Amino acid sequence: MNLAKFLLLALFASTAALSGCTALPRSGPDDAAVEKQASVRVTTEDRKVGIDYILVDINKTILPSFQQPAATSIRDSFGGGRGGPPDVPLGIGDTVQVSIFEAQAGGLFIPTEAGSRPGNYITLPSQSIDRSGTLTVPYAGRIVAAGRPKEQVEREIEEKLSNRAIEPQVVITTVNGRSSEVAVLGDVAKAGKFEVTSAGERVLDLISEAGGISAPSIETYVTLQRRGKSGTISYDKLQTTPAENIYASPGDTILVNRERRTYTVYGAAGLNGRFDFEETKLTLGEALGKAGGLLDARADPGQVFLYRKVSRKTMQGLSIDTSRFVGEDIPVIFRANMRDPGSFFAVQQFAMQDKDIIYISNADSVEVVKFLNVLNSVTSNTSGAVTDAVDGRDAAKRIFRN
């Protein structure tokens with residue numbers, strides 16, 4: 001009979017003999033009491049969650065696919081960054097001013113008695129382009145303006161006045177370009193709508209007009225929405241990659257959001273809980289360091305797990321069969337064997353992602369120590385209970401099953 005079995009029998013004998021003792025320490029009801037007193041139970045016999053996942057050991061083969069987080073881009077979403085600024089046509093809601101020049105007095109708008117005064121022109125009252133997209137010019141009638149460049153509308157008005165006015169020339173000035181505004185929302189100092197001009201305003205220009213970002217740059221993401229499409233990029237990458245800083249177009253919406261990047265650590269680590277990245281790039285090795293590393297007295301260095309959902313495309317790139325999984329994101333558990341000296345290099349290249357979960361398993365010997373502590377607490381007490389024997393039996397079963 002080996003030592004473990006001998007200790008187990010000793011536990012049973014002790015707890016059975018000391019039938020009047022108090023129960024083992026607990027911080028609340030045990031699982032049996034919880035199940036027994038439930039009015040309705042929705043459980044499974046095998047007690048498994050039933051979520052399929054893939055287990056992948058961290059090694060040099062997979063590192064190239066996980067050294068950096070997935071790249072984000074707004075340039076790729078909209079094909080911007082090439083060519084000049086976008087055209088800014090007139091639009092519904094714009095307030096414009098129409099000025100009409102004539103070559104000399106005595107024409108349609110300039111009276112004869114005006115003589116040769118400088119500036120033979122008149123300026124019509126400001127007007128808004130109405131919902132039908134038109135504006136009104138005396139003797140020219142209603143002119144379709146929405147969606148057309150100012151120069152094109154000016155030429156049409158000149159043509160319609162040419163048989164009445166003396167060599168008319170028309171200049172349209174935009175007083176308020178509501179149709180050419182871009183909304184900047186979210187974590188900025190001064191959210192609002194800002195007008196874009198034919199000179200061309202880029203995404204960072206408009207964020208600057210909104211007073212800049214109000215959150216740490218490493219946790220800030222910028223989303224550009226345009227005609228039903230959207231693209232997202234980190235603020236730091238937007239600043240450091242000029243090609244991503246594309247021109248904004250009328251009607252765009254720029255969303256600036258703070259996404260607090262965190263990861264969670266459970267198990268035999270120096271510290272358990274949620275941790276902030278605090279850096280632009282964080283590796284698994286650095287994340288373990290921030291959590292106090294592995295506990296010498298508890299941790300199994302060969303069983304360090306990282307839980308994450310990974311895109312199907314990435315897993316297929318590693319020649320992994322994903323046919324049994326549904327959806328684009330696949331549950332994956334990555335395992336690092338910190339008993340292998342080379343793993344310390346590997347975890348320093350394995351990039352962390354937002355909302356990763358790290359779990360460090362207890363060593364097998366820890367369960368034996370727990371068993372011995374239970375045995376010691378029972379045999380050193382002069383009183384016991386039958387329930388202690390049941391608890392000891394269940395604990396022993398789990399130990400030997402594992």
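So, E10 and E11: these two strands run antiparallel, and 6 bridges join them. Strands and helices here are DSSP runs, numbered from the N terminus, with at least two residues for a strand (E) and at least four for a helix (H or I). And two strands pair if DSSP finds at least two bridges between them. One bridge to look at is Leu224, whose partner in E11 is Gly231. The hairpin of E10 and E11 has 2 residues between the strands, and Arg227 there takes a positive phi near 45°.

Before I go on, a word on what we're looking at. This is a predicted model, where local features need pLDDT of at least 70 and side-chain atom pairs count only at pLDDT 80 or more, while totals for chains, interfaces and linings use all residues. Residues are numbered from 1 along each chain as its sequence is written, and side-chain values use heavy atoms, with hydrogens and water left out.

Okay, now the other side of E10. Strand E10, residues 220-226, is joined to strand E12, residues 253-258, by 6 bridges, and the two run antiparallel. Thr223 stands opposite Leu255 in E12. Put that into the whole sheet and you get an open one of 5 strands with mixed pairing, in the order E9-E8-E12-E10-E11. At the edges sit E9 (192-195) and E11 (229-234), each pairing on one side only. Neighbouring strands in this sheet are turned by 20° against each other on average, direction ignored. That angle is taken between axes, which are lines fitted to C-alpha atoms (for helices over the stretch in contact), and it runs from 0 to 180 degrees between N-to-C directions.

While we're at the edge, have a look at Phe194 in strand E9. Is Phe194 buried or exposed? Buried, with a relative accessible area of 11%. For the cut-offs, buried means under 20%, exposed means over 50%, and partly exposed is in between, using a 1.4 Å probe and protein chains only. The C-alpha atom of Phe194 is 5.3 Å from that of Val182, which is 12 residues away along the chain.

On to another sheet. This one is open too, with 6 strands in the order E1-E16-E15-E17-E13-E14 and mixed pairing. Strand E1 (54-57) and strand E14 (273-276) are its edges, each pairing on one side only. The twist averages 25° from one strand to the next. Inside it, E13 and E17 run parallel, joined by 4 bridges, and Tyr266 stands opposite Tyr359 in E17.

Let's stay with those tyrosines. Which residue forms an aromatic pair with Tyr359? That's Phe305, and the pair is stacked, at 6.4 Å centre to centre with 15° between the planes. The rule is that rings of Phe, Tyr and Trp (its six-membered ring) pair if their centres lie within 6.5 Å, with planes under 30 degrees apart called stacked, over 60 edge-to-face, and the rest tilted. Phe305 lies in strand E15 (residues 299-311) and Tyr359 in strand E17 (residues 357-362), so the pair ties together parts that are 54 residues apart in sequence. Phe305 counts as buried at 14% relative accessibility, whereas Tyr359 is partly exposed at 32%. The rule gives 7 aromatic pairs, and ring pairs also link Phe66, Phe334 and Phe350 into a cluster.

Last topic, charges. Side chains of opposite charge can pair when their charged atoms come close. A salt bridge here is a side-chain nitrogen of Lys or Arg within 4 Å of a carboxyl oxygen of Asp or Glu, and the count comes to 14. Among them is Arg335 with Asp57, whose closest N and O atoms are 2.7 Å apart. Arg335 is in strand E16 and Asp57 in strand E1, so this pair ties together parts 278 residues apart in sequence. Both are partly exposed: Arg335 at 23% and Asp57 at 37%.

Then there's Arg324 with Asp52, at 3.3 Å between the closest N and O atoms. Arg324 is in the loop between H9 and E16, Asp52 in the loop between helix H2 (31-36) and E1, and they are 272 residues apart. Arg324 counts as exposed at 60%, and Asp52 as partly exposed at 35%.

One more: Arg339 and Asp300 meet in a salt bridge at 3.2 Å, N to O. Arg339 is exposed at 56%, while Asp300 is buried at 13%.
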